[in-house]
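Colleague: I have a few questions about how you describe this model. Can we go through the terms one by one?

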Amino acid sequence: MSSYAPLKNDTFLRALLRQPTDYTPLWLMRQAGRYLPEYRATRQRAGSFLGLAKNPDYATEVTLQPLDRFPLDAAILFSDILTVPDAMGLGLYFTEGEGPQFERPLQDEKAVMALRAPDLSDLSYVFDAVTQIRTELNGRVPLIGFSGSPWTLACYMVEGRGSREFHGVKKMLYQRPDLMHHILETNAAAVAAYLNAQIDAGAQAVMLFDSWGGALADGAYQAFSLHYMEKVVRQLKKEKDGVRIPSIVFTKGGGLWLEQIANIGADALGLDWTMNLGRARALVGDRVALQGNLDPAVLLADTDQIRAEVVKTLESFGKPGPGTGHVFNLGHGISQHTNPEAVAVMVEAVHEISRNMRL
């Protein structure tokens with residue numbers, strides 16, 4: 001059985017499982033990040049982003065920083081989605097101001113066919129961080145583990161870096177779909193094993209980030225992104241020590257396909273800010289909970305505007321009823337230009353206003 005402290009605040013998990021909650025819980029994508037001065041100080045000590053992400057002590061420290069500032073309802077492991085392809089031998093590195101890049105991207109048939117799921121021992125620093133964070137949380141809030149989706153990882157693995165156009169990966173998709181499917185099969189197996197290892201290490205919920213699914217055409221999305229996310233979700237451990245482990249999937253730009261995403265077996269769907277929450281709730285019914293979806297740029301506005309947009313978001317979802325669940329979040333990661341005081345305003349508003357809506 002678990003040796004961890006009992007959970008003092010399970011509101012987030014209850015919302016994901018569509019159980020009644022006293023208020024709408026919230027956490028923020030990239031809540032441990034560059035908008036916090038304490039994060040920037042820790043990163044400077046670590047020497048680099050990878051120095052931060054690959055050191056469990058530093059990863060624990062920055063994971064807990066936003067929770068020490070704000071009464072958030074979940075912690076999310078501090079890591080990077082590209083840990084998995086890095087462990088596959090592609091040579092991840094970061095250049096200041098340019099984002100992540102790979103030394104050995106998958107640019108020919110030989111490289112693609114040589115691709116194998118990583119040895120999980122090469123990712124032990126991630127699992128060590130999960131266990132350490134869960135222990136340090138001492139039951140305050142649940143810990144979320146995560147991975148990039150098979151398609152999103154493939155975008156970086158083929159392009160060798162982030163992209164706006166995705167010419168390389170899309171060329172392969174259309175010209176050599178057999179190679180693309182080989183990459184995605186390998187990624188799906190790797191991601192499922194990676195997330196299950198995070199669950200074994202102490203993660204209490206897991207999330208798949210499909211950051212680039214929205215770059216695909218209709219039809220291609222279902223075949224090259226959704227199909228492989230479903231493969232991952234179907235392999236996930238549904239419980240640990242007798243406790244349910246909910247799963248969340250998030251396709252940025254995926255509003256068109258919500259009903260199909262709701263059918264892949266995840267407990268909750270993340271939404272970006274282009275989707276109306278009320279409409280999403282009507283589309284998915286009681287199949288899944290919803291997470292989202294304030295525009296991160298709202299946090300650059302003044303206090304009154306932030307509160308007004310929080311009200312709009314909560315009212316868009318409406319009063320939670322039996323079999324529904326809402327986790328408040330941003331529609332994508334928080335901007336590094338956000339004033340932490342704006343986050344404090346938003347967190348307080350979400351808790352206060354959502355409580356009053358339930359009276």
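Modeller: Go ahead. Keep in mind that the model is predicted. In the protein chain, 73% of the contacts with a separation of 6 or more join residues 24 or more positions apart.

Colleague: How many helices and strands does the protein chain have?

Modeller: There are 15 helices and eleven strands.

Colleague: What makes the protein chain as compact as a globular protein of that length?

Modeller: Set two values side by side. The radius of gyration is 19 Å, and the globule rule gives 21 Å for 359 residues. The two are close, so the chain counts as compact in that sense. Its C-alpha trace spans about 60 × 45 × 45 Å along the principal axes.

Colleague: How much of the protein chain is buried?

Modeller: Of the 359 residues, 57% are buried. The cut-off is under 20% relative accessible area.

Colleague: Which residues of helix α9 are buried?

Modeller: Helix α9 runs over residues 167–175, and V169, M172 and L173 are its buried residues.

Colleague: How do you know that they are on the same side of α9?

Modeller: Look at the arc around the axis. The buried residues cover only 100°, which puts them on the same side of α9. An α-helix has 3.6 residues a turn, so residues three or four places apart point the same way.

Colleague: What does the face turned away from the buried side carry?

Modeller: That face of α9 has the exposed residues H167, K171, Y174 and Q175. Exposed means over 50% relative accessible area.

Colleague: What covers the buried residues of α9?

Modeller: The cover includes α6 (109–113), α8 (150–159), α10 (177–201) and α11 (220–235).

Methods. Residues are numbered from 1 along each chain as its sequence is written. This is a predicted model: local features need pLDDT of at least 70, side-chain atom pairs count only at pLDDT 80 or more; totals for chains, interfaces and linings use all residues. Side-chain values use heavy atoms; hydrogens and water are left out. Helices (H or I, at least four residues) and strands (E, at least two) are DSSP runs, numbered from the N terminus. The radius of gyration is taken over C-alpha atoms; the globule rule is 2.2 Å times the number of residues to the power 0.38. Buried means under 20% relative accessible area, exposed over 50%, partly exposed in between (1.4 Å probe, protein chains only). Contact means heavy atoms within 4.5 Å. The arc is that of the directions from the helix axis to the C-beta atoms.
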